[in-house]
Amino acid sequence: MNIDLSRRSFLRLSGAGVAATSLAAMGFHEAEAAEAAHVRDFKLATMTETRNICTYCSVACGVIMYSKGDLAAGEKAELIHIEGDADHPTNKGTLCPKGAALKDYVKAETRLTHPRLRRPGSDRFEEISWDEAFDKIARAVKDDRDANLIEKNADGLTVNRLTTTGYLAASATTNETAWATWKVVRSLGIVGFDNQARV
Ligand code: SF4
């Protein structure tokens, strides 16, 4: 029997049964139903669940983000709770204090949500679109690679090294994303490659 009753509740609920002839007549199933009847619905039952990865460190724990709002109906989602993903093989539902405070990170007023650029000669950053940011990065990498790729070393051996562009990746990612990132960076010949976990 799966039931959590105080001694007082147990005695009250089973009182009628005690009046009967034996413990078997106490009607535990009725007590269980009575207990369940006053348990409120799980508060997150109607929320939208989104699986994600904690952004803080290379452990990359799985999280479930709960939000209000029906996205399918065009409503805007509002994040109300984040907890560890019990089905995730890395953390199995647990989160460290940083991960447990993720909602504050997501909702922080100082959080950057768009790329920012400080143009030459300017004393301030301005928000730019993701398209503009990607175009600028691609242009800069291409121009630098065209100008500075080292194709052969002093012994004439092909090395294809690019030492004038560096790449800083996030470690909070899946194996698949990390694999793709590694392939892109190394295929460009970039030598200076690091991330927050230094792996
Ligand atoms: S919950 Fe803690 S241990 Fe897990 S990824 Fe986030 S910061 Fe790292």
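**Exercise 1. Is lysine 92 buried or exposed, and how many C-beta neighbours does lysine 92 have inside 10 Å?**

Before we start, keep in mind that this is a predicted model.

Step 1. Find the residue: lysine 92 sits in the loop between S3 and H4.

Step 2. Count its surroundings. There are 12 C-beta neighbours inside 10 Å of lysine 92.

Step 3. Apply the cut-off. A residue with 12 or fewer such neighbours is exposed, so lysine 92 counts as exposed.

Step 4. Check the backbone too: the phi angle of lysine 92 is near 50 degrees, a positive value in a residue other than glycine.

**Exercise 2. Work out where alanine 60 lies and classify its burial.**

Step 1. Alanine 60 belongs to the loop between strand S1 (48–53) and strand S2 (62–68).

Step 2. Within 10 Å of alanine 60 there are 21 other C-beta atoms. The threshold for a buried residue is 20 or more, so alanine 60 is buried.

Step 3. For the chain as a whole, 8% of the 199 residues count as buried.

Step 4. Look at the backbone of alanine 60: phi is near 55 degrees, which is positive although the residue is not glycine.

**Exercise 3. List the residues around the ligand and sort them by character.**

Step 1. Collect the shell. Around the ligand are Cys54, Tyr56, Cys57, Val59, Ala60, Cys61, Asn91, Leu95, Cys96, Lys98 and Gly99.

Step 2. Sort them. The shell divides into eight nonpolar residues, two polar ones and one charged one.

Step 3. Pick one member, cysteine 96, and place it: this residue is in the loop between strand S3 (78–84) and helix H4 (97–100).

Step 4. Classify cysteine 96. It has 14 C-beta neighbours inside 10 Å and therefore counts as partly exposed.

Step 5. Compare sequence and space. Cysteine 96 and glycine 84 are twelve residues apart in sequence, and their C-alpha atoms are 9.4 Å apart.

**Exercise 4. Describe the setting of tryptophan 182, then step back to the whole chain.**

Step 1. Tryptophan 182 is part of helix H7, which spans residues 175–187.

Step 2. With 13 other C-beta atoms within 10 Å, tryptophan 182 is partly exposed.

Step 3. Take alanine 169, 13 residues away along the chain: its C-alpha atom is separated from that of tryptophan 182 by 9.3 Å.

Step 4. Now zoom out. The protein chain has seven helices and eight strands. Among its contacts with a separation of 6 or more, 43% join residues 24 or more positions apart.

Technical notes:
Residues numbered from 1 in each chain as written. Predicted model: local features only at pLDDT ≥ 70, side-chain atom pairs only at ≥ 80, totals over all residues. Near = placed C-beta within 6 Å. Nonpolar A, V, L, I, M, F, W, Y, C, P; charged D, E, K, R; others polar. Helix = DSSP H or I, 4+ residues; strand = E, 2+ residues; numbered from the N terminus. Contact = placed C-beta atoms within 7 Å.
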